[in-house]
Every structure is written in structure tokens, then in C-alpha cells.
Amino acid sequence: MSHSILVIEDDKLVGESLMEFLSQLGYEVVLAGDAEEGLEKIGKRPFHIALIDLRLPRMTGLEALRSFREDFQGTDCIMMTSFATVETAVEAIKIGAV
């Protein structure tokens, strides 16, 4: 059984590229276009890993991470962004990103 990864990314090109790359490595990958969709998908089935974009519409990646840590503690969450700051990285680790 392969590990399942939920990719939460609002940039369709980036999301599809990640999905293709990770699928080729043998992972089962599900794509969500925003945090709300991601939370809906993980509410229906478990995932081993969630890759969460920091900048998302309606709910930020950090807000999504907080929800994941509260409700889906069995999923390891990894934050991804091209707009990283030390403060954001520290905050994500405090919330529970791996």
C-alpha cells in the first residue's frame, strides 16, 4: 500500500506538477485547490501527509495547519511556499508542521 498525500495548492499548474511528480514516485496523491476543499477531503478519508501552501484564498496555510493539528493529528503536515520568512517558519513549527 502506498502512502497517500493531500496537496493543498491554489496554483493549478504547481498542484498538478506536484501530483504528477509524487505519483511517479509511487504515492497516491489527491489535489485540493484551497484549504476548505482540503479539510473536506481529509474529513472523508485519512492521508499520511498533507502538503499545504502558505498562501491560499479564504483561509491561509497556517490557519489550515491549525485545523489539521486539531482535528487530524495522524497526518504529517508540511508547509510549502515561495514567500518564506523566518517568522512564518517558526510559527508553522510551533503549530505542528514537520
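The exercises below treat cores, a helix face, a surface patch and salt bridges in a predicted model.

Local features need pLDDT of at least 70 and side-chain atom pairs count only at pLDDT 80 or more, while totals for chains, interfaces and linings use all residues. Residues are numbered from 1 along each chain as its sequence is written, and side-chain values use heavy atoms, with hydrogens and water left out.

**Exercise 1. Describe the largest nonpolar core and the elements that build it.**

Step 1. Fix the terms. A nonpolar core is a set of buried Ala, Val, Leu, Ile, Met, Phe, Trp, Tyr and Cys residues joined through side-chain atoms within 4.5 Å. Buried means under 20% relative accessible area, exposed over 50%, and partly exposed in between (1.4 Å probe, protein chains only). Helices (H or I, at least four residues) and strands (E, at least two) are DSSP runs, numbered from the N terminus.

Step 2. Find the centre. The largest core has 22 residues. Those with the most contacts inside it are Leu 6, Ile 8, Ile 52, Leu 62, Leu 65, Phe 68 and Met 79.

Step 3. Assign elements. Two or more residues come from each of β1 (4-8), β2 (28-32), α2 (35-44), β3 (49-53), α3 (61-71), β4 (76-80) and α4 (86-95). The most come from α3, which gives four.

Step 4. Look beyond this core. Another core, of six residues, lies apart from it; Ile 5, Val 7, Leu 51 and Met 80 are among them.

**Exercise 2. Which residues of α2 are buried, and what do they pack against?**

Step 1. Ala 35, Gly 38, Leu 39 and Ile 42 are buried in α2.

Step 2. These residues cover an arc of only 100° around the axis, which puts them on the same side of α2. The arc is that of the directions from the helix axis to the C-beta atoms.

Step 3. The buried residues of α2 pack against β1, β2 and α3. From the β1 side, Leu 6 is in contact (heavy atoms within 4.5 Å) with residues including Gly 38 and Ile 42.

Step 4. Turn the helix over. The face away from the buried side carries the exposed residues Gly 43 and Lys 44.

**Exercise 3. Locate the salt bridges of Arg 45, Arg 58 and Lys 44.**

Step 1. Apply the criterion: a side-chain nitrogen of Lys or Arg within 4 Å of a carboxyl oxygen of Asp or Glu. The whole structure yields six salt bridges.

Step 2. Take Arg 45. Its side chain meets that of Glu 28 at 2.6 Å, N to O. Arg 45 lies in the loop between α2 and β3 and Glu 28 in strand β2, so the pair ties together parts that are 17 residues apart in sequence.

Step 3. Take Arg 58. Its side chain meets that of Glu 36 at 3.6 Å, N to O. Arg 58 lies in the loop between β3 and α3 and Glu 36 in helix α2, so this pair ties together parts 22 residues apart in sequence. Arg 58 is exposed at 65% relative accessibility; Glu 36 is partly exposed at 29%.

Step 4. Take Lys 44. Glu 40 is its partner, with the closest N and O atoms 3.5 Å apart. Both lie in helix α2, four residues apart, about one turn of the helix.

Step 5. Join shared partners. Asp 34, Glu 36 and Arg 58 form one network of salt bridges.

Notes: Lists of a residue's contacts leave out its neighbours within four places in sequence.
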